Amino acid sequence: MNQPAAPESCTRWGVYEVALHGPADGNPFTDVDLAAVFNDGEREMRVGGFYDGDGTYRIRFMPDAEGRWTFTTDSNVPVLDGVTGGFTCTAPAPGAHGPVRAEGFHFAHSDGTRYLPVGTTAYAWTHQVGRLRDQTRRTLAAGPFNKVRMCLLPKWYQYNHVEPEFYPFPGSAEDGWDTTRFDPAFFRRFEQEVAALQGMGIEADVILLHPYDRWGFADLGPEADDRLIRYTVRRLAAYANVWWSMANEYDMMGAKTEDDWERLAAVVTEEDPHGHLNSIHNCGPFYDYAKPWITHASIQRQDAYRTAEFTDEWRERWGKPVVIDECAYEGDIDQGWGNISGEELTRRCWEGAVRGGYVAHGETYLNDAEELWWSKGGDLIGSSPARMAFLREVIAASPTGVLDPLPSNWDAPVGGVAGEYEVTYLGFSRPRFRELKLPEGRRWAVDVIDTWNMTVERVADHAEGTVRVPLPGREHMAIRILAEQ
C-alpha cells in the first residue's frame with residue numbers, strides 16, 4: 001500500500017497536502033489521472049491531484065469545517081488508487097477568515113468578516129529576480145494593499161522586456177514548447193509567492209491568461225489552454241487568498257472566442273472545489289458580467305477621464321460588486337493610461353467608493369532601471385496609497401462597513417447608509433461652504449473630511465434641519481454626517 005505523506009492536522013482554511021510516490025516514466029502529466037474524495041461525515045468534496053516531478057504526486061485541499069476529515073484517492077494507476085487517510089481540522093490560524101466571497105454588491109470572508117478591497121497591480125512581479133521579489137514583498141507588507149493583481153504567465157511589454165528564470169513548459173520560444181508537460185519549478189515559484197501574500201493577509205488576484213507575450217502562451221490552442229488552466233487550478237485552489245481572473249484584457253486575445261472563454265471558465269469551476277471568486281478583465285468592450293460563473297465585475301477605464309462615475313450604473317446593470325481594477329495609473333510615463341497624478345487617482349477612488357464600488361491602485365513612475373511597480377514590483381513612490389488607506393477607514397466606519405449609493409445632488413455623489421451615515425463627495429469642486437439639508441427625525445454630527453490631507457474636522461454636533469457647512473475652498477473635500485443616538 002502506498003503510504004501518503006500527509007500531516008495529522010490542518011487549520012481551518014489552511015492548505016492540507018497529500019504527497020504520494022508514483023510512476024515517473026512516460027508522461028505523468030497526461031498519462032496519470034489522480035483525485036481524492038474528502039469527507040467530513042456530512043459531505044464529500046472531490047479534489048484533483050497533480051504531478052510535481054521526480055515521481056511525486058500531490059493533492060491539495062482547503063478544509064472549511066473543523067473536525068475529522070478522511071480521504072480516499074481515485075486513480076487510473078493502481079499504486080495511486082484507493083489510498084486512504086485522515087486528519088483533524090483545527091481552529092483557524094490567527095487572522096485567517098477564509099476565502100473572500102461576493103456578498104451582494106460587496107465582499108466578505110467566509111466567516112462573515114467584512115472585506116474591503118484596496119487593490120494594486122504588479123503584473124509580472126513573481127517573474128523577476130530575487131532582489132525585486134524580496135523588495136516587492138517588503139513594500140506590500142508595509143503598505144495598505146490587501147489585493148494584488150498578478151499574472152501567472154510572464155509578460156513581454158513596454159518597460160517589461162525581461163526573460164524570466166522559469167517558463168511553464170519545457171522547451172523554448174525558438175524551438176517550441178512541449179505543452180503536454182509542465183515545469184514544476186515555474187509553478188513552485190509562483191505558489192510560494194501566493195503563500196507569502198496569504199501570510200500577509202493579501203489576496204492574490206491570479207490572472208490566468210493575457211495577450212502580452214513573445215513566447216506564444218497567448219495562443220496555445222484549446223487543448224493546451226485547458227491543460228494549463230486545469231493544472232494551475234489544481235495547484236493553487238487550496239490557498240484561501242486566491243481569486244481567479246480568466247484574462248487581463250481578454251478582448252485583445254483575438255484567437256479566443258466567447259465559447260473559448262466559457263469553456264475555460266467551466267474548467268476553473270470544475271477544478272476549484274472551494275469556489276473562489278472569478279472574473280475577466282476587459283480592454284475595450286465588457287464581457288457579459290451577468291454570466292453565472294462571474295462573481296464580480298473587473299473593469300478597465302472606459303474614458304480618458306470618466307470611469308468611476310459609472311460605478312452605480314454598473315452595479316444596477318449586473319447586480320454584482322464592481323471593482324475598477326484599472327482606472328489609469330499614478331505615474332509619469334508617455335502612455336495616457338500611466339500618467340495621472342496621485343490627486344487624480346485618489347479622486348477616482350473616492351468617486352467610485354461613494355457610488356458603491358472599489359477603485360484600485362497602480363503606479364508607473366519612470367526610472368532608469370525601468371522597474372515600474374505596475375510591471376515588476378519593487379518600491380512605491382507615489383502619493384495615492386496612503387490616501388487609499390484613509391478612504392478604507394472612512395468606509396469601514398460605516399454602520400454596515402460599506403458604502404452604497406444614496407440619492408445625490410447633480411454636482412456631488414452621496415454614499416453610505418441612508419439615515420445613519422452619509423458621505424457627500426465634492427471631488428474637483430471647491431466651494432467655501434455648502435448648504436446641507438439633513439434627514440428629518442434625528443440629530444446629526446457633521447464632519448468635514450479633507451481626503452488629500454487625510455483629516456477629519458467636526459464642525460457641528462446635534463444638528464437638525466438645514467446646516468451651512470464651512471469649507472476651505474479647495475478640491476478633494478467631503479462632508480460626512482453621522483446620526484446621533
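Which residue forms a salt bridge with Glu103? It's Arg114, with the closest N and O atoms 3.4 Å apart; that and a few other spots are shown below.

This is a predicted model, in which local features need pLDDT of at least 70, side-chain atom pairs count only at pLDDT 80 or more, and totals for chains, interfaces and linings use all residues. Residues are numbered from 1 along each chain as its sequence is written, and side-chain values use heavy atoms, with hydrogens and water left out.

**View A. Glu103 and Arg114 pair up across two strands.** A salt bridge here is a side-chain nitrogen of Lys or Arg within 4 Å of a carboxyl oxygen of Asp or Glu. Glu103 sits in strand E8 (residues 100–103) and Arg114 in strand E10 (residues 114–115), 11 residues apart. Helices (H or I, at least four residues) and strands (E, at least two) are DSSP runs, numbered from the N terminus. Glu103 is partly exposed at 41% relative accessible area, and Arg114 is partly exposed too, at 30%. For these labels, buried means under 20% relative accessible area, exposed over 50%, and partly exposed in between (1.4 Å probe, protein chains only).

**View B. Glu371 reaches Arg131 in helix H2.** Their closest N and O atoms are 2.7 Å apart. Glu371 lies in the loop between strand E22 (363–364) and helix H8 (373–376), while Arg131 belongs to helix H2 (residues 130–142), so this pair ties together parts 240 residues apart in sequence. Glu371 counts as partly exposed at 22%, whereas Arg131 is exposed at 52%.

**View C. Glu313 and Arg317 meet within helix H6.** This salt bridge spans 3.2 Å, N to O. Both residues lie in H6 (residues 311–318), four residues apart, or about one turn of the helix. An α-helix has 3.6 residues a turn, so residues three or four places apart point the same way.

**View D. Helix H5 has a buried face.** H5 (residues 258–271) has 14 residues and reaches 20 Å from its first C-alpha to its last, close to the 20 Å expected (1.5 Å times one less than its number of residues). Its buried residues are Asp260, Trp261, Leu264, Ala265, Val267, Val268 and Glu271. Seen down the axis, they fall within an arc of 150° (taken from the directions from the helix axis to the C-beta atoms), so they line one face. The face turned away from the buried side carries exposed Asp259, Thr269 and Glu270.
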